[in-house]
Structure formats: C-alpha cells, structure tokens
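Please look over the sequence and the model below before reading on. The explanation starts with the whole chain and then turns to a single residue.

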Amino acid sequence: MKFIRIILFPIVPIYFVITWLRNWLYNVGIKQSKSYDFPVICVGNLSTGGTGKTPMIEYLIRLLQDEKSLATLSRGYKRKTKGFILADNTANADTIGDEPFQFYRKFKNLTVAVDADRQHGIEKLKALLRQPKVILLDDAYQHRKVRAGFNILLTAYNNLYYKDIVLPTGNLREPRSGANRANVIVVTKCRKDMSESEKLSIATKLRIDSNQQLFFSYVDYATKVESVSKSLDLITLPKFTLVTGIANAKPLVDFLASKGLKFDHLEYGDHYNFKASDIETLASKSLILTTEKDYVRLKDYNSLEGKLFYIPIEVKLDKEEEFNAMVKGFVN
C-alpha cells in the first residue's frame, strides 16, 4: 500500500489544485454555502479518519443534552441504505452506520439522522415535529454546501496535519490551508503529561490564527469493560483477544499493554464489515475485548454472546471550562 502511494505521487499536485480551487470558489462565493439561523456545529478533520471525531461528538452531546434538544447528522459511512434516515427502534449499524448507531443506543433523548446530503438532512430535521435546537454535524468539514456556525477541527497528536500532504500519497483530504475555517482546533490523543512548552511548539507549527483557539485532549479509558448484561474490572481480565476495526488502534493497544494485560490482537480495517468467516474465528475465542464502535456491529451474533465486551472511552480536554464556555456561548 505504501509503495502504491509513493508511485501515485505525481497525482498529488493535481489533487491539491482541484481541492484548493474548490475551496477558493466557496470562499469567494462563486459556489454557494448555506448558512442557518440556528446553531450548527461541525466536527471534522483534514485527515482521512483516526482523529477521534466520535468521542468528540459524544463530548458535545454530554455537554449540551440537558440544556438543548440535540440532533446528530452523519453521512452514515458504509451503511447499506441511501438517502435520509431517522434512527428508530429498527435501526442498526447496517441501516445507519456504526457510529450513528452508537450515538442512538447511548443517548436516549438524542435525535440521530443520516444523510450524505447535509443540506437535505438539515431540512428534514428542522421539519420534524420535535425540532432539534442544535444540530451536530459529524465528519462534515469538507461538506462546503453547509456553512456551520461553529467548526471544530481535530488533528491527532501522532499525525498532525502540518506534517502531511494531500491524497493519494499523503492523508489530507484538502490542503492544510483548510484549517483556517476552524473556530477551534483540538489536538487529540495526546499524552496526559504533555508539557506547556510542547503545546506551544505544536501551536507554532500548526500556525494557529489569532481568531482561533487551540486545545489538547486525551482519551480517558474506563476501568471496567462492558457488555449488554455485565461489567468486568479491566485490570483483572484474563488473557483475551483484542478486536479492532478502527483507523488507528495503536493508542488502545499501548494503553492495554501499559496495564500489563495479556492479549492477542486481531486488527481489521476501519469500519470493517465482519464476514461469516470472521465471526467463526471470533466465536472460537474465550474472551473478546473491542471498541464500542466495533461492539455495535458484533453484539447481535449469538455465537459471541457472553464473551464480547467493549471498553468505554471519554475525551478529556486541557482547558475544559474554556472550551465548554465557547460552545455554550455559541449555542445560546
């Protein structure tokens, strides 16, 4: 795969020009973006996955759900359906995608919808009898047809966008200048003990504008692993099989190893659709630990009942009160 990316390097300037020109057309108003008179918050990235958008959306839900009626709107990546779908009790990962389904099953008062056309999805949400007061756009930073009132751009600590180039050789969906649209930039998946001098160095390299705010976050792993019917103490787990279908499993692997836990790792691609042969392999394992995103796609297989668990995570921010005040100030 790396070799293919290298030999495709001559395409990089073409991709750069096309995406830069598209952004310029939106920036000068030749191509039209639609703005809204109610709060729309966009969470996204410049890179292709692995920056922690799902935990950040969940952070915003927890922050706002007691004060505002909320809706999330996602594309529904790798779902087996088309068009606008509003999650209900028939929803699953196949109909709305794994991440939206994760939102739906965790937050009972949340409206969850999917639509590749975000303008159309917003219109459908605002036409609901129970109209959401705030809409959270999941992974819509490059969806320029919608102009969110508040943009949160994520970049992972181990893959900061200033070090990268555009596709197909690099991982950026658009040139680095696209970061200028963000109100807030969050460096995700940091170490808890990051020094202030390192933060300052990263801020300089990211070229944060005076009208932007920079935050640093880390993943806080739970001390218990969960299933439908029970919880287990993480630290007392016997040897298990870790199953991941996410863009970057290294932080989780490193965390589990740091706890002295013994495990084998079955690593699949991001948003992997498990096949019958995969389930047969997993069914032969005595204990399986996975991510919550993978859990929602695996939990309904009877052969995995009683042996499948996930580890909950939450995002923690370095300047939490300041971040919360910015978000609440926008929605109010």
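The paragraphs that follow describe the overall fold and then one loop position.

This is a predicted model, and the secondary structure of its protein chain comes to 11 helices and 15 strands. Along the principal axes, the C-alpha atoms fill a box of roughly 60 × 50 × 40 Å. For a chain of 332 residues, a compact globule would have a radius of gyration near 20 Å, and because the protein chain has 20 Å, the value agrees with that expectation.

Within this chain, buried residues make up 48% of the 332 residues. When contacts between residues at least 6 apart in sequence are considered, 72% of them join residues at least 24 apart. The accessible surface comes to about 16,300 Å², and carbon and sulfur atoms account for 53% of that area. As for charge, the protein chain carries 49 positive and 37 negative charges, whose mean positions are 4 Å apart.

Turning to the single residue, phenylalanine 84 lies in the loop that runs between strand 2 (70-74) and strand 3 (85-86). Is phenylalanine 84 buried, partly exposed or exposed? Its relative accessibility is 21%, and because buried means under 20%, phenylalanine 84 counts as partly exposed. Leaving aside residues up to four places away in sequence, phenylalanine 84 touches Ala113, Val114, Asp115, His120, Gly121, Lys124 and Leu125. Leucine 206, by contrast, is 122 residues from phenylalanine 84 along the chain, and the C-alpha atoms of the two are separated by 36 Å.

Methods:
Residues are numbered from 1 along each chain as its sequence is written. This is a predicted model: local features need pLDDT of at least 70, side-chain atom pairs count only at pLDDT 80 or more; totals for chains, interfaces and linings use all residues. Side-chain values use heavy atoms; hydrogens and water are left out. Helices (H or I, at least four residues) and strands (E, at least two) are DSSP runs, numbered from the N terminus. The radius of gyration is taken over C-alpha atoms; the globule rule is 2.2 Å times the number of residues to the power 0.38. Buried means under 20% relative accessible area, exposed over 50%, partly exposed in between (1.4 Å probe, protein chains only). Contact means heavy atoms within 4.5 Å. Accessible areas come from the Shrake-Rupley method with a 1.4 Å probe; for residues, only the protein chains shown count as cover. Lys and Arg count as positive and Asp and Glu as negative; His and the chain ends are not counted. The place of a charge is taken as NZ of Lys, CZ of Arg, CG of Asp or CD of Glu.
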